[in-house]
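Please read the report below alongside the sequence and the 3D view. It is meant for a reader who has not met this structure before.

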Amino acid sequence: MKFAVVVFPGSNCDRDMYYAAKEVLGEEADMLWYKDANLDGYDAILIPGGFSYGDYLRCGAIASTSNVVNQLRAKAEAGVPILGVCNGFQILLESGLLPGALLRNKNLKFMCHFENLVVENNQTLFTSEYEEGEVVSIPIAHNEGNYYCDEETLASLRANNQIVFTYQNNPNGSAADIAGITNKKGNVLGMMPHPERAVEAILNSDDGLKLFQSMLANWRERYVAGA
Amino acid sequence: MKLVKVHITLKEGVLDPQGKAVQGSLNTLGYDNVQEVRVGKYLELTVNDDANIEQEIEDMCSKLLANPVIENYSYTVEEGVAQ
């Protein structure tokens, strides 16, 4: 399986994402500079965390106007798995690939620690290796992770099972404790916590690894005959 | 030249923690009459004269300058002053 890690000016979790896919999961991965990225031929696309364009204007807003986002739109439409973490989630929201927006944390603090997440939906290509209701320990590191959407959008997220992860102890004020959501089709996942920072015991948790393993298992099931 | 003044505010009902913090500080300073503070953004755009300017500014606001999910915007177009 071949992963693309899209690197924007200001991305700073790109190497962690690459390491998780390449070294821990043991699959192919490339880091692609956003300006000359060609997303063709990749089985999954990873949008890493960081501070794209210095978070100017709004987190993820400037990155959402770059040409690579048009490619992302086409790939999302074509069903290619796309994972956006932290600033990657912010970019997906600003691009309209996922519904809602992120506000500053309720307590106005940058928070960087482990949080317990509940796997609300294990029927996605990102979470099939988890148990439903499983509680996993994944680190957060954000200043603007307070998920917001209107009531109508929230009802639609619930009705379509798009809420994939919730916080056990909501740290940032997110609506309905939301930590991660997918698009309607289920092939685009955005989340504030960092699964790529929890892929080995030495990192204090390897609970994030199952997310990457789920992507791999789903891909094998679909494209590798007899696997 | 035209000078476009864009004001961006959080929608009513959207939590504004920054505004709350500023309100708390004003209250600490003794301004107990301040009931609420909402923090927004103000942008100035100097643009060339263009027949479509209103429509263009509208597009700029909805596509990039404001996030319509959480923010409202308003703008005025004035005669620009030569720099």
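The sections that follow cover a strand-helix-strand unit, the contact between two chains and two pockets.

## Model and fold

This is a predicted model, and the values below were computed from it.

Near the start of the description stands a pair of strands in chain A. Strand β1 of chain A, residues 2–7, pairs with strand β2 of chain A, residues 28–33. The pairing is parallel and runs over six bridges. One of the bridge partners in β2(A) is Glu28(A), which is matched with Lys2(A). Helix α1 of chain A, residues 14–24, joins β1(A) and β2(A) in a right-handed β-α-β unit.

## Contact between chains A and B

Chain A and chain B each bring 15 residues to their contact. About 1200 Å² is buried between the two chains, and carbon and sulfur atoms give 70% of that area. On the side of chain B, Leu15(B), Pro17(B) and Leu64(B) supply 37% of the area that this chain buries against chain A. No other three residues supply more.

## The largest pocket

The largest pocket has a volume of about 630 Å³. Its lining is made up of 39 residues. Those nearest the centre are Cys59(A), Leu102(A), Leu103(A), Arg104(A) and Glu144(A).

Both chains take part in this lining. From chain A, α3 (87–94), β5 (101–103) and β7 (135–142) each supply at least two residues, as do β1 (2–10) and α1 (17–28) of chain B. The most comes from α3(A), with four residues. Sorted by class, the lining has 18 nonpolar, twelve polar and nine charged residues.

## The second largest pocket

The second largest pocket has a volume of about 200 Å³. It is lined by 16 residues, and Gln123(A), Thr124(A), Leu125(A), Lys185(A) and Gly186(A) are the closest to its centre. By class, this lining divides into one nonpolar, twelve polar and three charged residues.

Notes: Residues numbered from 1 in each chain as written. Chains lettered and ligands numbered in written order. Predicted model: local features only at pLDDT ≥ 70, side-chain atom pairs only at ≥ 80, totals over all residues. Heavy atoms only, no water. 1 Å grid on protein atoms, 1.4 Å probe; cavity = no way out; pocket = protein on both sides within 12 Å on 5 of 7 lines; lining within 4 Å. Points joined across faces, edges and corners; volume = space filled by probe spheres on them. Nonpolar A, V, L, I, M, F, W, Y, C, P; charged D, E, K, R; others polar. Pairing = 2+ DSSP bridges. Right-handed = clockwise from strand over helix to strand, strands pointing away. Contact = heavy atoms within 4.5 Å. Buried area = accessible area lost by both parts, 1.4 Å probe.
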